[in-house]
Structure formats: C-alpha cells, structure tokens
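Dear colleague,

Please find the structure below, together with its sequence. My notes on what was found follow it.

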Amino acid sequence: SRPSAARVFLRPNQYESGRANITVLNWGDAPAVSIDLSSVLSPGAAYEIRNAQNFFGSPVLRGTYDGSPISLPMTGLSSALPTGFSTPPTTGPRFNVFILFSEQAPTVRIPAPPRTSPRAVIR
C-alpha cells in the first residue's frame, strides 16, 4: 500500500543562500503540509514561495520567517497557460514543487565601467 504521511524534500540552492527547491509528496492528499525552513532561513528573514507550475503567477506564500514551521497549501494552485496549448492540470494535491526565495540572499551588484578621461580619444 502507498504511504499515508507526507514527505517533504527541501533542497537548498548551493550557489545562492536563502533559496531552495521544495518538493512535496502528499500521500494523504492533505490540503496543507507543514514545512520546517530553519535549514535555509534565519528568523526575521523575509521570504516568498512560488509554485513551480505557475512561476510568474502570484506567490503561494509571502511573509517573515519566525522560526516555526510554515503551512504550505497543496490545493487551490493553478498551472500556467502555455502558449498555443490548453492549460495542463495541476499535479496537486498529491505532488507539488515550489521555489523558496529569501531577502537574506546576497544581492549581486555589477560594478560600473571605469570612467574615461575626457581627453581620451579613440581613433
């Protein structure tokens, strides 16, 4: 028989702190699953969670992490409409993938190019 408890896989991004992929196998078809984000976020960090099936849609959750587990909804999610096709069905509530973003992640700044002297002329 299939398992009855939900399995949550939280995979931190090795290149960007405060970012992770969340995969949920919700064998009991629960409407929400509790997830501990303490391995990725510090208390006080602002976060946002997006649905992988509708990445550019509204965030699934947004808030400030207080150190306690969050309740991630597994129902009521939508898939994005691909160009030229009909909207595919969602994979939930039994299986969903999410992306966690945090404001604690470092901001990459691109340095401005060096200023050239007004006397410099390229010929």
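What is the order of the five strands in the open sheet? The order is β1-β2-β7-β4-β5, and the pairing is antiparallel. Strands here are DSSP runs of E with at least two residues, numbered from the N terminus, and two of them pair if DSSP finds at least two bridges between them. The edge strands, each pairing on one side only, are β1 (7–12) and β5. From one strand to the next, the twist averages 20°; for such angles, axes are lines fitted to C-alpha atoms, and the angle runs from 0 to 180 degrees between N-to-C directions.

Before going further, I should state that this is a predicted model, in which local features need pLDDT of at least 70 and side-chain atom pairs count only at pLDDT 80 or more, while totals for chains, interfaces and linings use all residues. Residues are numbered from 1 along each chain as its sequence is written, and side-chain values use heavy atoms, with hydrogens and water left out.

Within the sheet, β4 and β5 pair in the antiparallel sense over four bridges. In this region, A46 stands opposite T64 in β5. A salt bridge also joins the two strands: the side chains of R62 and E48 meet at 2.8 Å, N to O. A salt bridge is a side-chain nitrogen of Lys or Arg within 4 Å of a carboxyl oxygen of Asp or Glu. R62 lies in strand β5 (residues 61–64) and E48 in strand β4 (residues 46–51), 14 residues apart. Are these two residues buried or exposed? R62 is exposed, with a relative accessible area of 59%, whereas E48 is buried at 18%. The cut-offs are under 20% relative accessible area for buried and over 50% for exposed, with partly exposed in between (1.4 Å probe, protein chains only). E48, R50 and R62 belong to one network, joined by salt bridges that share partners.

How many salt bridges does a search of the whole structure find? The search finds four. One of the others links R94 with D29, their closest N and O atoms being 2.8 Å apart. These partners come from distant parts of the chain, 65 residues apart: R94 is in the loop between β6 (70–73) and β7 (95–102), and D29 is in the loop between β2 (20–25) and β3 (32–35). R94 is partly exposed at 34% relative accessibility, and D29 is partly exposed at 30%. A further salt bridge forms between E16 and R19, with 3.6 Å between the closest N and O atoms. E16 counts as partly exposed at 28%, as does R19 at 26%.

Turning to the aromatic rings, the structure holds two aromatic pairs. Rings of Phe, Tyr and Trp (its six-membered ring) pair if their centres lie within 6.5 Å; planes under 30 degrees apart count as stacked, over 60 as edge-to-face and the rest as tilted. F55 and F56 form an edge-to-face pair, 5.1 Å centre to centre with 90° between the planes. F55 is partly exposed at 29%, while F56 is exposed at 80%. F55 also pairs edge-to-face with F101, at 5.9 Å centre to centre and 65° between the planes. That second pair links distant parts of the chain, with F55 in the loop between β4 and β5 and F101 in strand β7, 46 residues apart. The ring pairs thus link F55, F56 and F101 into a cluster.

With kind regards
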